[in-house]
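User: I am new to this structure and would be grateful for a close look at a single part of it. Please describe that part in detail and then place it in its surroundings.

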Amino acid sequence: MADMILFGVFPYVALALAIGVGIYRYTIDRYSYSSQSSQFLESKALFWGSLPWHYAILLILIAHFLAFLVPASWGTLLGSPARLVFLEITGIALGITTMIALVILIFRRVINPRVNAVTSHIDWLLLAALLLQVVTGVYIAISLRWGGVWYVHTVSPWLWSLVKLNPQIDYLANLPGIVQLHAVNAFFLVAIFPFSRLVHVVSIPISYLGRPYQVVIWYRQRRSN
Amino acid sequence: MDIRAQVSSVFHLDKCIGCHTCSIACKNLWTDRRGNEYMWWNNVETKPGTGYPTKWEDQEKYRGGWERVGSQLRLKQGGKASTIGKIFHNPDLPTMDDYYEPFTFKYADLINAPAGTDQPTARPISMVSGKPMKIEAGPNWDDDLSGSTVYAANDPGVIELSEEQQQQLFAIEKMVMFHLPRICNHCTNAACVASCPSGAIYKRGEDGIVLINQDKCRGWRMCVSACPYKKTYYGWATGKSEKCILCYPRQEAGEAPGCFHSCVGRIRYLGVLLYDADKIEATAMKADGELAAAQREMILDPFDPEVIKAAREGGLADQIIKAAQASPVYKFVKEWGIALPLHPEFRTLPMLFYVPPLLPVLSSENRGTQKISNDFFTSLEQARLPLKYLAGMFSGGNEEEVKAVYRRLIAVRIQRRAETVGDLSEAELLNARELSGLDRDALDAIFRMTSLTRIKERIVVPPMLREQAIEAGMDPEEYKQEMGFGSRKAPKRRW
């Protein structure tokens with residue numbers, strides 16, 4: 001029963017919250033739809049925290065998503081031992097990077113009185129959840145080798161069964177507890193996404209690359225000239 | 001020709017007494033909120049001095065404004081792709097230490113302290129963290145501190161001067177300073193607009209006021225570093241950037257902006273300029289020393305029938321054209337040619353112009369009652385405030401530009417002296433007039449505009465034609481501490 005709730009029901013609840021509350025917040029309170037930067041209050045430690053954190057976590061997330069979305073191609077990619085070992089080592093290195101970076105970010109918020117003053121309860125909750133996520137992730141990567149491969153045969157089918165609205169919780173129920181914790185915490189992060197500063201992940205300003213430098217907005221319709 | 005209107009201003013530095021009334025008016029209207037304490041949309045600096053934030057003019061440090069790369073203009077902090085790559089940490093962002101940590105004092109301790117042998121004190125505490133702090137900087141920290149080895153000597157413009165000029169500048173009996181009030185320049189080639197990844201910053205088409213859409217701003221902070229004048233500020237409590245809005249709600253109600261209205265020295269002039277938007281890029285590409293002249297070239301004559309025709313075709317209302325014809329700014333900048341942009345070499349084409357201060361330049365050789373016409377050109381060369389310093393501020397290093405302005409300002413004085421004291425020969429007067437390139441009427445008009453005019457002539461707020469807008473008829477004071485007109489929510493994060 002607990003397995004069913006955690007692996008079969010909770011992911012849907014998390015997604016529903018993320019989408020529902022996410023849209024609600026975007027419509028009702030767009031003003032807050034960003035991550036409140038504290039770089040102005042403290043810049044040096046942020047450099048060593050934020051930069052490695054973001055780039056490493058982005059790469060790790062891309063790997064997780066690729067293995068979930070295109071498990072067949074991912075499996076082929078890891079078919080050669082050399083590529084598998086390379087990916088495994090890269091993954092662990094990136095994981096450790098995120099862990100160190102996150103610890104720097106947390107310490108920064110604890111130690112620096114200015115940054116501490118602009119840190120909210122939900123920020124602390126988010127940091128704790130993220131720390132739990134990267135620590136379990138790195139632990140899994142080191143203790144349960146070749147995750148790139150077994151993920152394809154366990155987690156991918158579970159996620160796909162969720163997508164197909166036919167949750168097959170056995171895939172996850174048979175995995176070690178640490179993996180279960182990692183998976184559930186991942187959906188916990190999805191669940192708190194709309195309530196926290198995490199909303200900034202959906203405001204990537206890609207359109208900037210395509211727009212002209214100057215933006216001029218006319219209040220009245222302009223006569224054509 | 002793509003004719004646009006721009007609400008622009010002129011600050012007459014000879015008249016500024018450095019009283020900071022403008023700053024206070026602005027602070028009380030717009031920035032008296034948590035997270036905005038350190039924001040001075042309007043501030044007054046002492047020159048020579050390091051300014052606010054410290055050494056803001058030094059773009060090797062702050063990397064604001066534009067630079068020419070081949071035949072292209074590029075933001076000095078990097079191109080678009082590089083900007084996106086820096087959103088996780090902007091290496092060029094100034095921190096609070098470049099401004100100051102806002103502080104208050106624990107006044108309650110004065111009252112609540114238990115009886116004792118020593119006097120109770122109010123300790124300074126940070127307005128950010130609430131913890132006791134040591135005050136090391138504050139607003140106007142280097143106010144009137146010319147000659148200071150800590151501040152004036154570190155003025156980026158002073159560092160450019162030769163050793164000899166510097167020593168001369170700081171010799172105790174020759175000490176000189178003037179005040180430089182600064183607000184957002186509402187540039188035509190704004191670097192803040194260009195740098196905003198979210199596209200939240202925009203220029204209003206009708207009047208050229210540059211604003212930040214607070215709902216679209218995602219707090220990437222690129223505008224703070226891109227603005228070479230450091231006139232966008234990061235609100236650390238809201239995670240939004242904010243800047244001078246040229247009091248557009250007041251202007252829409254037909255009133256002068258707060259800092260203009262409150263100016264004790266009446267140094268501020270406001271009016272519409274018409275300019276050719278097709279020329280923006282070509283103008284911004286000019287060599288440093290040509291930028292001020294090129295910008296004047298971009299500004300169009302509102303009396304020229306062709307300009308009027310093109311403006312009407314471009315959708316400009318007749319009232320706006322009429323306001324442009326009455327604009328004192330047009331007179332200062334184009335007709336008389338005595339107002340220059342601040343640091344045109346940043347290439348943002350700022351639309352706030354300054355009449356450079358004459359007095360500290362002149363008074364070295366001519367103390368008070370001396371006749372100024374005999375040697376005023378040699379006195380310009382040997383001025384207490386080196387022309388090179390002023391040219392570095394107002395004309396991208398082109399001393400001829402600054403000199404031309406001073407010839408006119410001096411000619412005004414000579415003409416007035418001839419008229420009121422009458423001790424100058426006709427030849428001297430004619431000579432001064434010829435050198436200035438202005439006729440009697442123009443010189444008289446300058447005198448009149450700088451000394452006798454009332455507010456309606458100095459500040460010609462164009463009809464903003466927003467009568468249909470929901471804001472019409474609302475009292476700006478009533479909505480203090482809100483996000484501004486059009487938004488009825490307090491600028492607070494509720495998530």
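Analyst: Two strands are said to pair when DSSP finds at least two bridges between them. The model under discussion is predicted. With that understood, the part chosen here is a sheet of chain B: an open sheet of 5 strands, whose order is β13-β12-β1-β15-β14 and whose pairing is mixed. Its edge strands are β13 (299-300) and β14 (340-341) of chain B, each of which pairs on one side only.

The description may begin with strand β12(B), which covers residues 268-276. One of its partners is β1(B): the two strands run antiparallel and are joined by 9 bridges. Within this pairing, B:A5 has B:L274 of β12(B) as its bridge partner. The other partner to be considered is β13(B), to which β12(B) is joined by 2 bridges, again in the antiparallel sense. Here B:L274 appears once more, since B:L274 stands opposite B:L300 of β13(B). The residue B:L274 is thus matched with B:A5 and also with B:L300. The second match between β12(B) and β13(B) is that of B:Y275, whose bridge partner in β13(B) is B:I299.

Is β12(B) enclosed by the rest of the structure or open to its surroundings? A residue counts as buried if 20 or more other C-beta atoms lie within 10 Å of its own. Of the 9 residues of β12(B), 8 are buried, and the strand is therefore largely enclosed by the rest of the structure. For chain B as a whole, 50% of its 495 residues count as buried.

A helix also lies against this part of the sheet. Helix α13 of chain B, residues 305-313, lies across β1 (3-12), β12 and β13 of chain B. Its direction makes an angle of about 120 degrees with that of β1(B).

Toward the other edge of the sheet, the strands β14 and β15 (352-355) of chain B take part in covering a helix, α18(B). This helix spans residues 387-394 of chain B and is mostly covered, as 6 of its 8 residues are buried. The buried residues are B:Y389, B:L390, B:A391, B:G392, B:M393 and B:F394. Besides the two strands, the elements that cover them include α5 (156-159) and α19 (399-420) of chain B. After α18(B) comes B:G396, which has a positive phi near 60 degrees.

A contrast to these buried residues is offered by B:A282, which is found in helix α11 of chain B, residues 280-284. With 12 C-beta neighbours inside 10 Å, B:A282 counts as exposed. B:A282 and B:S71 are separated by 211 residues in sequence, yet their C-alpha atoms are 9.9 Å apart in space.

The sheet belongs to a chain that has 22 helices and 15 strands. The radius of gyration of chain B is 23 Å, close to the 23 Å that the globule rule gives for 495 residues, so chain B is as compact as a globular protein of that length. Taken along the principal axes, the box filled by its C-alpha atoms is roughly 75 × 65 × 50 Å. Of the contacts in chain B between residues at least 6 apart in sequence, 69% join residues at least 24 apart.

Finally, chain B meets chain A. Their contact involves 40 residues from chain A and 43 residues from chain B. On the chain A side, two or more residues are given by each of α2 (44-69), α5 (113-117) and β1 (216-217) of chain A. The largest share, 5 residues, comes from α2(A). Sorted by class, this side of chain A has 19 nonpolar, 14 polar and 7 charged residues.

A second open sheet is found at this meeting of chains, with 3 strands in the order β1(A)-β8(B)-β9(B) and mixed pairing. Its edge strands are β1 of chain A and β9 (210-212) of chain B. Strand β8 of chain B, residues 201-204, pairs with β1(A) in the parallel sense over 2 bridges. In this pairing A:V216 stands opposite B:K203, while A:I217 stands opposite B:R204.

Definitions and conventions: Residues numbered from 1 in each chain as written. Chains lettered and ligands numbered in written order. Predicted model: local features only at pLDDT ≥ 70, side-chain atom pairs only at ≥ 80, totals over all residues. Contact = placed C-beta atoms within 7 Å. Helix = DSSP H or I, 4+ residues; strand = E, 2+ residues; numbered from the N terminus. Nonpolar A, V, L, I, M, F, W, Y, C, P; charged D, E, K, R; others polar. Axes fitted to C-alpha atoms, helices over the stretch in contact; angles between N-to-C directions. Rg over C-alpha atoms; globule rule 2.2 N^0.38 Å.
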